[in-house]
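The exercises below are meant to be worked with the sequence and the coordinates at hand. Each task is followed by a solution that proceeds in steps.

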Amino acid sequence: MSTTPVTSTSDKSAATPPRRPTSADIELLAFAQAAELTARDLYKQAVAEGAGGDQIGSLAALAAHHDAYAQSLSALLGTDAPQARNDELFSSLKSGFGSNTESTALAAHELENTLVVTHTDLLGRLDGTEGAALVASILIGESRHCAALAALAGKSPVNDIDLFLTTSDVESLAPQA
Amino acid sequence: MNDFNRDELRRALRTPSDHGTDAFGSIVKATSGLNFARSLSRRRFFVAGGATVSFAALVAACGGSESTGIARLGDAPTPNKLVEAEVTDITLLRTATSLEHNAIFVYEAVASAGLLTGDAAEIAKRFLDDHRAHAEATASLTTDLGGKAYTQPNPRLQSVYIEPALKLIVGDEATGIPPTDDPAADVLALAYALETIAGSTYQAYVPLLADKSLRAAAMGIGDQEARHAALLGVVLNPARLVSSMGLSIAAEYQEEGETQTAYASPSAFGTQAPVPVTLGAANESGIRTNVNLETPSLNSMVYEYLDAEG
């Protein structure tokens with residue numbers, strides 16, 4: 001092991017990123033909060049319809065997860081938080097969240113994949129570190145949701161392993177500059 | 001791939017020259033077994049304090065090499081300058097690469113020792129391939145930034161977590177550790193904890209990375225680590241995929257019985273907390289060893305002054 005001091009070269013001159021969300025961040029994070037409230041309502045609809053079978057508790061927990069994401073984003077945004085779901089997104093997806101467990105799980109799997117892609121997109125665009133840290137922790141949660149939903153859909157962790165591990169090639173929902 | 005069977009794996013863990021013997025390991029060995037809380041009771045603190053002052057006076061009286069010969073309190077040699085250890089984007093990427101090599105080491109060792117079979121072995125092989133790709137990706141990002149890519153397992157994590165955990169699984173005659181009763185179950189439990197920590201590490205790096213384009217790249221990998229952990233959660237606990245722990249949901253949807261150690265989705269947010277894993281054979285009291293895996297902290301980062309050999 002070398003003990004010679006080496007001066008780092010990569011980013012010493014880089015400006016320290018801001019901690020709080022910038023005005024551009026606020027727009028992106030507000031979109032994210034509306035998307036999370038949409039996901040919460042879609043899961044609530046599926047639970048009300050009776051989807052999930054013996055894993056209905058897991059679906060109810062997923063609704064609670066997305067509610068927690070929305071609340072955390074609200075805490076970060078304050079009065080800038082929309083506090084309302086994206087009705088257009090909800091309407092376009094609600095038919096997938098019915099009483100059939102397998103089809104609901106697959107629709108939810110696609111939704112969670114889309115949210116992972118959206119949040120990855122946001123991470124490359126957010127300036128404030130508080131917003132980026134929160135989005136990263138949400139992203140990890142939603143990545144795990146994808147694998148859980150593949151299992152709920154009855155897929156095999158061996159034969160269908162890509163459904164568990166691979167992020168779909170979908171477009172980010174976030175508004176583009 | 002490392003090519004060793006279980007006996008060779010045990011020997012490799014006893015003489016970890018390739019992966020574990022380093023300055024970090026020396027510090028860990030030198031301080032292991034010390035109980036600071038017990039050794040510094042209030043009474044002993046005052047006794048020790050008095051002794052320290054007396055000893056300081058004696059040392060000062062002895063003086064430095066350029067002493068005038070007159071004893072003065074506070075005459076001490078110039079301290080050695082510490083190496084510059086800055087947490088840069090390159091440091092974070094090198095640490096991420098080292099963590100990928102920790103995972104590669106584990107999956108290679110498990111495969112060579114034949115600890116997993118059937119579907120579990122297939123899953124582990126896929127994870128190994130993914131970690132190799134991740135290591136290449138983070139190494140490439142490191143060189144893109146002008147840094148030198150790291151090519152070894154993280155030395156501190158290897159000596160503090162990985163090697164002790166593998167010894168608990170395969171046993172170690174030299175230290176009297178018996179092999180575990182169910183190696184496959186222990187390997188899956190260790191992999192679950194390791195993959196969770198890998199995802200948490202990338203998550204933790206997001207607010208630390210100065211270049212925001214790197215945040216997305218890091219979390220692209222963190223996403224995959226989290227999915228690895230979740231898949232193992234499905235295998236380990238198929239009865240309940242999403243934990244209700246800490247959630248405000250109707251009682252009818254709460255899980256019954258004790259909280260399990262593994263879930264596909266254990267909590268809403270990615271965790272930064274230590275991940276506990278229970279490994280090894282039970283002792284005479286029926287107790288198994290608990291190991292808490294943690295994300296790399298300041299004393300386990302692969303700073304730029306560390307060379308690729310660790």
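**Exercise 1: Confidence in chain A**

The mean pLDDT of chain A in this predicted model is 92, and 92% of its residues reach 70 or more. Identify the stretch of chain A over which pLDDT stays under 50, and decide how it should be read.

Solution. The stretch in question is residues 1-13 of chain A, for which the model nevertheless has 32 contacts beyond four places in sequence. Where pLDDT is low, predicted coordinates should not be read in detail.

**Exercise 2: The fold of chain A**

Describe the secondary structure of chain A, and state what share of its residues is buried.

Solution. Begin with the elements: chain A comes to six helices and zero strands, in the order α-α-α-α-α-α from the N terminus on. Next take the extent, for which the C-alpha atoms of chain A fill a box of roughly 60 × 45 × 25 Å along the principal axes. Of the 177 residues in chain A, 52% are buried. Finally, among the contacts in chain A with a separation of 6 or more, 76% are between residues 24 or more positions apart.

**Exercise 3: Helix H5 and the contact with chain B**

Determine how many residues each chain brings to the contact, and which helix of chain A gives the most to the side that touches chain B.

Solution. The contact takes 53 residues from chain A and 62 residues from chain B. On the side of chain A that touches chain B, at least two residues each come from helix H2 (56-77), helix H4 (101-123), helix H5 (129-152) and helix H6 (161-165). H5(A) gives the most, with 17 residues. By residue class, this side of chain A divides into 31 nonpolar, 19 polar and three charged residues.

Turning to the helix itself, H5(A) has 24 residues and reaches 34 Å from its first C-alpha to its last, close to the 34 Å expected at 1.5 Å a residue. Because 23 of the 24 residues of H5(A) are buried, the helix is largely enclosed by the rest of the structure. Just after H5(A), Gly154(A) takes a positive phi of about 85°.

**Exercise 4: A positive phi outside glycine**

Locate Gln83(A) in chain A, and explain why it counts as partly exposed.

Solution. Gln83(A) lies in the loop between H2 and helix H3 (87-93) of chain A. Its phi is near 60°, a positive value in a residue other than glycine, whereas most residues other than glycine have a negative phi. Gln83(A) has 14 C-beta neighbours inside 10 Å, and therefore counts as partly exposed, since a residue is buried at 20 or more such neighbours and exposed at 12 or fewer.

Definitions and conventions:
Residues numbered from 1 in each chain as written. Chains lettered and ligands numbered in written order. Predicted model: local features only at pLDDT ≥ 70, side-chain atom pairs only at ≥ 80, totals over all residues. Contact = placed C-beta atoms within 7 Å. Helix = DSSP H or I, 4+ residues; strand = E, 2+ residues; numbered from the N terminus. Nonpolar A, V, L, I, M, F, W, Y, C, P; charged D, E, K, R; others polar. pLDDT = per-residue confidence, 0-100. Expected span 1.5 Å × (residues − 1).
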